[in-house]
Amino acid sequence: MSSGHDMSGVAGAAVPAGDGDRSRLSHGRRIVAALAVTQTIGYGALYYAFSVFLIPMTADLHATGPQVAAAFTLAMLTTAACAPLVGRLLDAYGGRVPMSAGSVLATLALLAWSQVSSLPQLYGVLAAIGVASALVLYEPAFAVIVAWFDGPEAGRRANALLTVTIVAGFASSIFLPLSGMLVQRHGWRTALVILAVIYGACAVPLHALVLRRRRTAAVKPARRGELVRAVVRTRPFRLLVLAFTAHSGAMATIAVLLVTYLIHLGHPPAFAATVAGLLGVLSVTGRLVTTTLRRRWPAAPVAASVFVLQGAGAALLPLAGRTPAGAIGCVLAFGAGFGVGTITLPHLLAERYGTVAYAGLSGRIALFSVANRAAAPLGAIALAQAVGYGTVMAAVAGACALAAGALLAYDRA
C-alpha cells in the first residue's frame, strides 16, 4: 500500500474472462436495468410515500404531526447506523444476498406498517424500514455497480451509475401522485398493502435472480478490514466525509423547507410547490452535465464548482427570492447540484481506493451523511423559528461552501 493508501491496484484485480467479456458486459446491462427499476420503486415506496401518508396517519393514530414525522427521522437514523455493517456485508458477499434479504424485509415492513395502531408500533415498523433501506437503496446498489464495472469495464461505470440515478430520479414524480391516488381511493392502509405488493413483486425476484457477484482475485476479510481501517484514518478520506456530510445536510434542508420559505417570501402555495418541483428535474440535468464535464476535468473540482453555485443560489434567495424570476433563478442555481453528490462520491471512492473495500468505505461515509440528512432539517426548522429563514439560507450556503472547500482540499491531497 502506498503512503496515500491507494488500493486500486489490489481492488482492480479482476480475473480475466477472455471470451466471456461480451457476456459479462451483457449481464452488466441487465444488472443496471434491474437496479434502475428497484431503486425507483424502492425510493418511491420506502422514502417518498411517507409524506403522502403523514396526514391520514396522524388522524388515524390520534397523534400530532411531529410525533408521526419523528418516525421517518428514526428510519433515516437507523439507515445511517446500519450503513457500515451493510457495507462490510456487501464487500464480503456481494449484493445478491443482502439486497434480496433487504427487499423481503422491506416488503414485510410495508405490510406491517399498514396494520399499526399506535405510535410505538409505527416507530418499530419505521425502524425496520430503515434497516431495509440500508440494504436496498443507493449505497448498496452503487456498490454492486462499482464492483461489477471494474478492471477493463471501469470506463463504463460512470454511465451505469448515471443510468440508475436518472431513472430513479423520477421516483418522486411517479410515486407521490400514485400514493396520493391510492390513499384517496382506498385509504392509507390499503395503499401501503398495494405498494408492498408492487415492491415485493419487482424487487425480490430482480435482486435474487439478476444480481451476481463478479469473480475477482480473492481478498481475505482481515486484509479488507485492514485496508478500511487504514483508509478511514487518512486526511483525504476524512475530507470526503466532511464534504458529503455537509452537502447532504444542505440538500435535505432545502428539500424540506423550500416550499415553506417561498410562501414566507410572499409567493402563492401553488407557485412555491411548482418551483420546488424543479429540483427533481434539475437533479437529472445536473447529473448529466457533471458526468459530461468529468470526462475532461477531475471529478472533485467539477463537483466543488457545482456546490459553490448551489451555495450562491441559497445565499441569494433571501435577497432575490421575493420576485418570481428571482426565486426561479435561485432554485435553478441550487437545483443544478441536487443530484451531483450522489454520482460523484462513488467515482471518487473507486478512483482513489479501488473496489475491494468500496462498500465498507461508502458505509462509513453514509453513517455521517445519512444521519446529517435526517437531523439537519430539524435543526434548520428550530433555527428558522429562533432567528429567521435568512439565517437558515446562510447556513445552507456555508455548508455548500464547506463541502466545496473539502473537495478541493481532497483533490490536492
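Reader: Which residues touch the most other members in the largest nonpolar core?
Author: Phe53, Trp113, Leu122 and Leu240 do, in a core of 128 residues. A nonpolar core here is a set of buried Ala, Val, Leu, Ile, Met, Phe, Trp, Tyr and Cys residues joined through side-chain atoms within 4.5 Å. Buried means under 20% relative accessible area, exposed means over 50%, and partly exposed is in between, with a 1.4 Å probe and protein chains only.

Reader: And which helix gives the most to this core?
Author: Helix H11, residues 235-264, with 14 residues. Helices (H or I, at least four residues) and strands (E, at least two) are DSSP runs numbered from the N terminus.

Reader: Before I go on, what kind of model is this?
Author: It's a predicted model, where local features need pLDDT of at least 70 and side-chain atom pairs count only at pLDDT 80 or more, while totals for chains, interfaces and linings use all residues. Residues are numbered from 1 along each chain as its sequence is written, and side-chain values use heavy atoms, with hydrogens and water left out.

Reader: OK, back to Leu122. What is it in contact with?
Author: Leaving aside neighbours within four places in sequence, Leu122 is in contact with Met57, Leu61, Val68, Ala71, Trp113 and Val116. Contact means heavy atoms within 4.5 Å.

Reader: Trp113 again! How many aromatic pairs are there by your rule?
Author: The count is 11. Rings of Phe, Tyr and Trp (its six-membered ring) pair if their centres lie within 6.5 Å; planes under 30 degrees apart are stacked, over 60 edge-to-face, and the rest tilted. One of them is Phe53 with Trp113, an edge-to-face pair at 5.7 Å centre to centre with 85° between the planes. Phe53 sits in helix H2 (residues 21-60) and Trp113 in helix H4, so this pair ties together parts that are 60 residues apart in sequence.

Reader: Are those two buried or exposed?
Author: Both Phe53 and Trp113 are buried. They also belong to a cluster linked by ring pairs, together with Tyr43, Tyr47, Tyr48, Phe50, Phe72, Tyr138 and Phe142.

Reader: What about helix H4, how does its span come out?
Author: H4 covers residues 96-113, and its 18 residues should span 26 Å at 1.5 Å a residue (the expected span is 1.5 Å times one less than the number of residues). Its end C-alpha atoms are 25 Å apart, which agrees. Buried residues in H4 include Pro98, Gly102, Ala106, Leu110 and Trp113.

Reader: Switching topic: how many disulfides?
Author: The count comes to 0, taking a disulfide as a pair of cysteine sulfur atoms within 2.5 Å. Cys330 is in no disulfide, and the nearest cysteine sulfur, that of Cys400, is 13 Å away.

Reader: Why does Cys330 count as buried?
Author: Because its relative accessible area is 7%. Cys82 is partly exposed, since its value is 21%.

Reader: Last bit: where does Ile343 lie?
Author: In helix H15, residues 340-353. Ile343 counts as buried because its relative accessibility is 2%. Not counting neighbours within four places in sequence, Ile343 is in contact with Leu161, Leu162, Thr165, Arg287, Thr291 and Arg294.

Reader: And Thr79, what does it touch?
Author: Thr79 is in helix H3, residues 65-93. Beyond residues up to four places away in sequence, Thr79 touches Gly130, Ser133, Ala134 and Val370. Thr79 is buried because its relative accessible area is 13%.
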